[in-house]
Amino acid sequence: MTLLVRSLRAPAALALRGSSLRIGGAAPLAHRATLAIFATRSAPSAGIARAFSTVLPVRQATAIELTAEQQEKLTEERFADEVDVCIIGAGPAGLSAAIRLKQRANAEGKELRVFVVEKGSEVGSHILSGAVLETRALDELIPDWKEKGAPLNTPATKDRMLFLTKKHAIPMPHPPQMNNKGNFIVSLSNFTKWLGEQAEELGVEIYPSFAASEVLYNEDGSVKGIATNDVGIGKDGAPKDNFERGMEIHAKVTLLAEGCHGHLTKKLSKKFDLRKDAQAQTYALGLKEVWELAPEKFEPGLVLHSIGWPMDYKTYGGSFMYHFEDNKCAIGYVVALDYENPTLSPYKEFQRYKQHPAIRKFLEGGKILSYGARALNEGGYQSIPKLVFPGGALIGCTAGFLNVPKIKGTHTAMKSGMLAADAAYDAIQAEAPGPITLDSYETNIQNSWVYKELKEVRNVRPSFHNPLGMWGGIAWSGLDTLILKGRVPWTFKHPKPDYATLKPLKDVTPIEYPRPDGEISFELLENVSRTGTNHEENQPSHLRLQRGQKEQIERNYPVFGGPEQKFCPAGVYEYLDDEANPGKKRFQINAQNCIHCKTCDIKDPSQNIDWNVPEGGGGPKYSYT
């Protein structure tokens with residue numbers, strides 16, 4: 001289907017007018033016959049202005065000298081489409097915004113084109129989270145979600161918190177924010193697919209396998225929309241036989257819902273200086289497996305968290321284990337990316353954690369089903385950037401609304417999308433001249449329960465930056481969450497960006513990890529095979545070294561021991577012997593392995609690695625996550 005949809009030349013694609021795309025195996029996506037956009041360059045539909053664009057993308061130097069014909073092909077005009085709202089990312093925030101927009105338009109009998117592009121091959125295929133879902137935002141958005149068949153099948157019934165030493169597990173009280181009564185253990189990827197079905201029933205147009213690669217601007221500097229990336233370009237930079245130009249989507253409002261550390265958000269933040277009044281964002285890497293447990297080990301509704309071992313007292317991290325439907329268990333480990341020891345491997349810490357007697361007992365006799373990893377925001381209240389810019393706004397995790405002590409961000413992401421949608425709808429209906437700036441979105445979210453939640457716990461995460469590390473953080477967090485509840489006149493700061501925290505290799509004790517046993521713990525590449533990851537091999541790497549290999553070879557490897565090999569949870573980066581230069585190393589990028597976690601872009605101490613989108617549809621294809 002994707003090839004047909006992308007084809008601008010195949011007459012057969014004209015037959016797709018009014019037909020359907022699908023979200024995985026779910027219901028078809030309504031899209032007002034817009035497949036004609038991709039199928040023909042004929043006259044535009046009545047009332048919708050469509051035109052060719054003369055904007056040409058900047059291209060990197062290629063490995064070969066291109067012919068004039070190839071250059072002309074690569075720079076031919078892109079087709080452009082006009083919509084009311086373009087949303088980048090079909091996750092909980094983006095889909096909540098889309099649903100809210102169409103709910104309001106349909107209730108008032110107004111025409112409103114809401115267009116969602118999603119880089120994953122299906123809605124939900126790039127979604128990974130714990131996840132225990134608080135339904136507060138869902139209750140507001142779709143009050144009858146139970147009747148509509150939302151996949152919330154396992155109520156959280158038991159909360160446990162453990163402090164782990166190497167051999168023992170000590171029960172401990174948990175902060176009130178971690179009380180999960182009334183919440184549900186879910187597969188967030190399945191929940192997101194369901195949200196997509198609700199959106200398409202309302203008339204939202206959703207296009208999986210289309211990766212937004214470029215922000216477009218009007219002459220006055222406001223955001224005009226986005227362009228999807230070209231497909232069919234070889235590693236050498238030359239167009240292949242299946243080459244197709246990307247498409248431009250021009251919108252009155254563009255909402256970025258890319259998830260944590262979105263690549264377009266990164267560019268927009270620099271252009272509009274959105275972070276000038278915010279502290280540096282700080283991140284963590286979350287790693288997750290889904291298991292099918294032996295029936296006698298399964299405790300439906302169990303929510304188990306731990307801190308302590310295998311982390312040292314200076315490194316922030318912890319685990320989760322959630323028992324949900326059909327004997328399934330979501331188990332994972334989160335490691336803050338402000339760690340100092342360059343030999344630390346988040347993946348190997350996760351595998352080591354599973355061998356603890358209190359954890360291994362659940363997994364023995366079970367079967368691993370899937371694996372994945374994703375960076376997540378931990379900066380909280382003080383790290384939220386300015387949310388609006390001329391022509392659009394940031395919503396969800398791309399802005400950073402995760403509540404760290406609660407270990408939840410889906411409900412806040414959804415609410416941010418709903419508030420942005422309300423602001424966008426009102427602004428579009430007002431028909432004021434000039435670019436739309438959603439100032440009311442920023443005001444409304446600051447007055448919402450989202451900000452109230454985040455402000456109350458703003459000092460918990462940075463409190464772990466103290467001479468006593470974990471012990472000092474636990475002491476402050478207990479006082480703050482139980483008694484003070486954020487009612488203090490100060491706000492703690494995050495000391496420095498995550499990429500600047502590594503100590504030189506000579507100043508640390510290397511961490512030795514046990515070999516995986518193949519039963520409870522696994523080799524990295526074996527687990528990567530469980531992500532469903534696939535990329536077209538013959539395409540330019542989406543992991544780009546902005547200034548060549550020099551900083552990796554002359555700084556990252558000799559000073560830090562090549563930390564990319566350790567922090568990447570997919571085996572993308574290697575330092576290999578350079579056969580052309582005996583005695584030296586070369587930096588190898590295995591881009592096909594990439595599971596789109598964004599850790600490299602965050603943690604690279606030289607800030608040389610730049611994560612970009614590959615061809616749409618590439619990357620992981622998560623299940624049960």
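These questions and answers walk through a predicted model of one protein.

Student: How many helices and strands does the protein have?
Tutor: This is a predicted model, so everything here is computed from it. The protein has 625 residues. Its secondary structure comes to 17 helices and 27 strands.

Student: What share of the residues count as buried?
Tutor: Buried means under 20% relative accessible area. Apply that cut-off to the 625 residues of the protein. The share that counts as buried is 60%.

Student: Among contacts between residues at least 6 apart in sequence, what share join residues at least 24 apart?
Tutor: Start with contacts between residues at least 6 apart in sequence. Then keep those that join residues at least 24 apart. The share is 77%.

Student: Is Glu289 buried or exposed?
Tutor: Glu289 is found in strand E17, residues 283-292. Its relative accessibility is 0%. The cut-off for buried is under 20%. Glu289 therefore counts as buried.

Student: Which side chains make polar contacts with the side chain of Glu289?
Tutor: Glu289 touches several residues beyond its sequence neighbours, including Phe350, Tyr371 and Phe522. One polar contact, at 3.1 Å, goes to the side chain of Gln351. Another, at 2.9 Å, goes to the side chain of Asn527. The partners are Gln351 and Asn527.

Student: Gln351 is in H8, so how many residues of helix H8 are buried?
Tutor: Helix H8 covers residues 346-353. Its buried residues include Pro346, Tyr347, Glu349 and Gln351. The helix is largely enclosed by the rest of the structure, because the buried count is 7 of the 8 residues.

Student: Where is Thr398, and is it buried or exposed?
Tutor: Thr398 is in the loop between strand E23 (392-394) and helix H10 (410-430). Its relative accessibility is 8%. That is under the 20% cut-off, so Thr398 counts as buried.

Student: Which backbone oxygen lies 3.3 Å from a polar atom of the side chain of Thr398?
Tutor: Look at what Thr398 touches beyond four places in sequence: Leu256, Glu258, Gly259, Cys260, Gly262 and Thr265. The C-alpha atom of His263, 135 residues away along the chain, is 9.3 Å from that of Thr398. The backbone oxygen at 3.3 Å belongs to one of the touching residues, Gly259.

Student: Which backbone nitrogen lies 2.9 Å from a polar atom of the side chain of Ser416?
Tutor: Ser416 lies in helix H10. At 0% relative accessibility, Ser416 is buried. Its contacts beyond four places in sequence are Ile395, Gly396, Phe401, Tyr441 and Ile445. The backbone nitrogen at 2.9 Å is that of Gly396.

Student: How many aromatic pairs are there, and why is the pair of Trp476 and Trp490 tilted?
Tutor: A search of the whole structure finds 18 aromatic pairs. In this one, the ring centres are 6.3 Å apart and the planes meet at 45°. Tilted covers angles that are neither under 30 degrees nor over 60. The pair is tilted because of its plane angle, 45°.

Student: Why does that pair tie together parts of the chain?
Tutor: Trp476 lies in helix H13, residues 470-484. Trp490 lies in the loop between H13 and helix H14 (524-528). The pair therefore ties together parts whose separation in sequence is 14 residues.

Student: Which is buried and which is partly exposed, Trp476 or Trp490?
Tutor: Trp476 has a relative accessible area of 17%, so Trp476 is buried. Trp490 has 39% relative accessibility, so the partly exposed residue is Trp490.

Student: What is the angle between the planes of Trp476 and Phe492?
Tutor: Trp476 in helix H13 and Phe492 in the loop between H13 and H14 are 16 residues apart. Phe492 is partly exposed, at 27% relative accessibility. The pair is tilted, with 5.2 Å from centre to centre and a plane angle of 55°.

Student: Which ring does the charged end of Arg461 sit over?
Tutor: The distance from that charged end to the ring centre is 4.0 Å. The ring belongs to Tyr316.

Student: What is the volume of the second largest cavity?
Tutor: The search finds 3 cavities of 30 Å³ or more. The second largest is lined by 14 residues, and those closest to its centre are Gly379, Gly380, Tyr381, Val457 and Arg458. Its volume is about 80 Å³.

Conventions. Residues are numbered from 1 along each chain as its sequence is written. This is a predicted model: local features need pLDDT of at least 70, side-chain atom pairs count only at pLDDT 80 or more; totals for chains, interfaces and linings use all residues. Side-chain values use heavy atoms; hydrogens and water are left out. Helices (H or I, at least four residues) and strands (E, at least two) are DSSP runs, numbered from the N terminus. Buried means under 20% relative accessible area, exposed over 50%, partly exposed in between (1.4 Å probe, protein chains only). Contact means heavy atoms within 4.5 Å. A polar contact is a pair of N or O atoms within 3.5 Å; within protein, one must be able to donate a hydrogen and the other to accept it, and residues adjacent in sequence count only if both atoms are side-chain atoms. Rings of Phe, Tyr and Trp (its six-membered ring) pair if their centres lie within 6.5 Å; planes under 30 degrees apart count as stacked, over 60 as edge-to-face and the rest as tilted. A charge sits over a ring if NZ of Lys or CZ of Arg is within 6 Å of the ring centre and within 35 degrees of the ring normal. On a 1 Å grid over the protein atoms alone, a cavity is a set of points where a 1.4 Å probe fits but cannot get out, and a pocket is an open set with protein on both sides within 12 Å along at least five of seven lines; lining residues have an atom within 4 Å of a point. Grid points are joined across faces, edges and corners, and a volume is the space filled by probe spheres set on the points.
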